[in-house]
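The exercises below concern aromatic rings and their neighbours. Work through each one with the structure open, then read the solution.

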Amino acid sequence: MTKKIYEYKDAENWFIASLGDYPYVTSFFDDTSFSRISEMIYKVLEDTGYKRFDEGPSVQIHVVKMASDYQLLSFLTDMINQEFDRKLQVRRHQGTVLVTEGDQLLSVLLPAGGIQLADFLRNFSEKTLGDTILIATKNEGKTKEFRSFFEKLGYQVENLNNYPDLPDVAETGMTFEENARLKAETIAQLTRKMVLADDSGLKVDKLGGLPGVWSARFSGADATDEANNAKLLHELSMVFEQKDRTAQFHCCLVIAAPERDSLVVEADWEGYIAFEAKGEHGFGYDPLFIVGETGKRSAELTVEEKNKISHRAKALNKLLEVFPVWQANEF
């Protein structure tokens, strides 16, 4: 019978595993890194009931590259769950990685040098077990999009609706990054949590990058989507060639945490400004934004289609590449 091969691969992690007659771990790392990785794997196996030299099927795993202990252990426990009908779960908590099953805590992995006991036990209960990331928005649709990303990395996701007493952060920056930093870093200091904030908008080349950070209020303090679109068409009324009406939707994501340098990623979605609005989906400038060379307005795309190719989707893809490395340098 052909044995099943398990594999996980992203920009920074690549693991391959199967069951065999005896356990082993291999990698392309130096001796020090290999020793740490293998001992971590063997510890979790033993803590979850699979002794290193037990008879019977054993885990054989090769680590091609790795940026996240959490991703490796999630891969390992997912394999065990499938092969042995277990219900192991990997969680982050105050810098540690925990392996649980039901109401049992089976394994605890500490960062190098350990952690402060008071930090680990702060507000400790089954309900609060696990690290969270706070999305600096009250928009549940946007939160859902980010939740699908961060839950894969072991984080519970909250938004500002969980913190009604937090003050509003004035977006006084002159760039997308400045505004996103203001929100993320201010809220991180107030809550002592990891916070993600984004700032997005439309940049039109013929208008020198406007409306830019003023996208939501382009037509004034009481701006509506219709008024903003009307003003944009007016500003471009003397630009007669479609090829000269180039524009980009821009997204900047900032992740901040207390006493850490923030992580910043940015992405553009290229297109053109149409001569008239079209489409029933989306919001803001979507009815005027022609996506690349497709001829379609953003407002003619379904939510699912837009979320695969938009500026926010591109920024999230970039975040996927760099977040595990930033995360691994936490201590």
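The model is predicted.

**Exercise 1.** Are Y155 and F323 buried or exposed? Classify the geometry of their ring pair and locate both residues.

Solution.
- Step 1: Y155 is buried, and F323 is buried as well.
- Step 2: The ring centres are 6.1 Å apart, and a pair requires centres within 6.5 Å.
- Step 3: The planes of Y155 and F323 meet at 70°, so this pair is edge-to-face, the class for angles over 60 degrees.
- Step 4: Y155 belongs to the loop between α4 (140-150) and β9 (156-159), while F323 is in helix α8 (residues 311-328); the pair therefore ties together parts 168 residues apart in sequence.
- Step 5: Ring pairs also join Y155 and F323 with F150 and W326 in a cluster.

**Exercise 2.** How many aromatic pairs are there? Classify the one formed by Y8 and F15, and give the accessibility of each partner.

Solution.
- Step 1: The count is 10 aromatic pairs.
- Step 2: Between Y8 and F15 the distance is 6.0 Å centre to centre, with 25° between the planes.
- Step 3: Planes under 30 degrees apart count as stacked, and the Y8 and F15 pair is stacked.
- Step 4: Y8 has 26% relative accessibility and so counts as partly exposed.
- Step 5: F15 has a relative accessible area of 0% and is therefore buried.

**Exercise 3.** Which ring does K9 lie over, and which ring does the charged end of K231 sit over?

Solution.
- Step 1: K9 is placed over the face of W14, 3.9 Å from the ring centre.
- Step 2: For K231, the charged end is over the ring of F218, at 5.2 Å from its centre.

Notes. Residues numbered from 1 in each chain as written. Predicted model: local features only at pLDDT ≥ 70, side-chain atom pairs only at ≥ 80, totals over all residues. Heavy atoms only, no water. Buried < 20%, exposed > 50% of the residue type's maximum accessible area, 1.4 Å probe, protein only. Helix = DSSP H or I, 4+ residues; strand = E, 2+ residues; numbered from the N terminus. Lys NZ or Arg CZ within 6 Å of the ring centre and 35° of its normal.
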